[in-house]
Amino acid sequence: LRHHLYAKRNPNLITKLKPECRYNDILQSSKTVGSSKIPRNHYDFLSNGIMNGSYSPEDCTPLFSVAILVTYRNRQSQLDIFIPYIHNFLRKQNIHYKIYIIEQQDDKLWNKGLLYNIGAKQAILDKFPCLILHDIDLLPLDDSNLYACLNHPRHMSASIDKFRFVLIYKTLVGGVLSIRSDQYKELNGFSNKFQGWGGEDDDFAERISKHNLEILRFPPHMSRYTMLQHKQEHKNEDRHRIMEENKRNSQNDGLNSIHYEMINIKNHRLFTMIGVRL
Ligand code: NGS
């Protein structure tokens, strides 16, 4: 009680009294990027439950501060499942996180790469040092799959039930991927040229290897996800040609060349929705 009253009279000391949060062993032994770039008082207003899609543990000071970026259009039923599931999952992880849903609000071809760039731009403005690019149809199954960035990008969804929990190819980075914000900027983010389904993630893998970064993975049992059912999106017939073209030049196509119309940023309690027209 004395401790509590002390903290109450001296509210700016509360964070100092909190111990650092603990994480699973694999993370304790890895080189990780924590919240060092986030000003300490960033946490003060986030400590009470979930607000604007954001949550921070109450009993300890988190070492990880993570923006979850989810691209979205016309999948209300998946959103309804994903949002409560992921909050329940993430609240157990002792991290500070915020969920951004980036919604393409037009009838043009789907452009996931551009939507990720728009979300990343906002999350970086909001001072998040770590980005997690997350398909809305994937639900993590193992609590030890920590939502945090390591020193190299990490493909977090290597074992999906739809593919009998087998990684379908070694350079796959689609599904769920964590990457530090500074590295995302260094790669110039995603290509904006992929319209329709497929290829943008393989192009991103090319960018990762061109910058001498590796694709890390936790052991398969920790990387398990279940995939929500949906029909196959319209495939982009041009995807292989664009990938070839981009191998020669990715400097002018990416985070530094995004064109879009911002419709609004809406703060819902469980997520922040960025509405755009491309
Ligand atoms: C590859 C696609 C990727 C896609 C991956 C897995 O063939 O964009 O399949 O897709 N690459 C090309 O088309 C060049 S999945 O079966 O999980 O929907 O991410």
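**Exercise 1. Locate the ligand and describe its surroundings in this predicted model.**

Solution. The starting point is the site itself: the largest pocket holds the ligand. Next come the residues around the ligand, which are F163, I168, Y169, W197, G198, G199, D201, D202, R239 and H240. Sorted by character, this shell comprises 4 nonpolar, 3 polar and 3 charged residues. Finally, the shell is related to secondary structure: α7 (200-210) and α8 (239-248) each contribute at least two of its residues.

**Exercise 2. Identify which atoms of G199, D202 and R239 approach the ligand, and state how much of the ligand the protein buries.**

Solution. A polar contact requires N or O atoms within 3.5 Å. For G199, a backbone N or O atom is 2.8 Å from a ligand oxygen. For D202, a polar side-chain atom lies 2.7 Å from a nitrogen atom of the ligand. For R239, a side-chain N or O atom is 2.5 Å from an oxygen atom of the ligand. As to burial, the ligand taken alone exposes 450 Å², and the protein buries 75% of that area.

**Exercise 3. Explain what the salt bridge between D106 and R73 ties together.**

Solution. Side chains of opposite charge can pair when their charged atoms come close. The whole structure contains 14 salt bridges. In the pair formed by D106 and R73, the closest N and O atoms are 3.6 Å apart. D106 belongs to the loop between β3 (96-104) and α5 (112-125), and R73 to the loop between β2 (65-72) and α4 (76-91); the pair therefore ties together parts 33 residues apart in sequence.

Definitions and conventions
Residues are numbered from 1 along each chain as its sequence is written. This is a predicted model: local features need pLDDT of at least 70, side-chain atom pairs count only at pLDDT 80 or more; totals for chains, interfaces and linings use all residues. Side-chain values use heavy atoms; hydrogens and water are left out. A residue is near a molecule or strand if one of its heavy atoms lies within 4 Å of it. A polar contact is a pair of N or O atoms within 3.5 Å; within protein, one must be able to donate a hydrogen and the other to accept it, and residues adjacent in sequence count only if both atoms are side-chain atoms. Accessible areas come from the Shrake-Rupley method with a 1.4 Å probe; for residues, only the protein chains shown count as cover. On a 1 Å grid over the protein atoms alone, a cavity is a set of points where a 1.4 Å probe fits but cannot get out, and a pocket is an open set with protein on both sides within 12 Å along at least five of seven lines; lining residues have an atom within 4 Å of a point. A molecule sits in a cavity or pocket if more than half of its atoms lie within 2 Å of its grid points. Helices (H or I, at least four residues) and strands (E, at least two) are DSSP runs, numbered from the N terminus. Ala, Val, Leu, Ile, Met, Phe, Trp, Tyr, Cys and Pro count as nonpolar, Asp, Glu, Lys and Arg as charged, and the others, Gly among them, as polar. A salt bridge is a side-chain nitrogen of Lys or Arg within 4 Å of a carboxyl oxygen of Asp or Glu.
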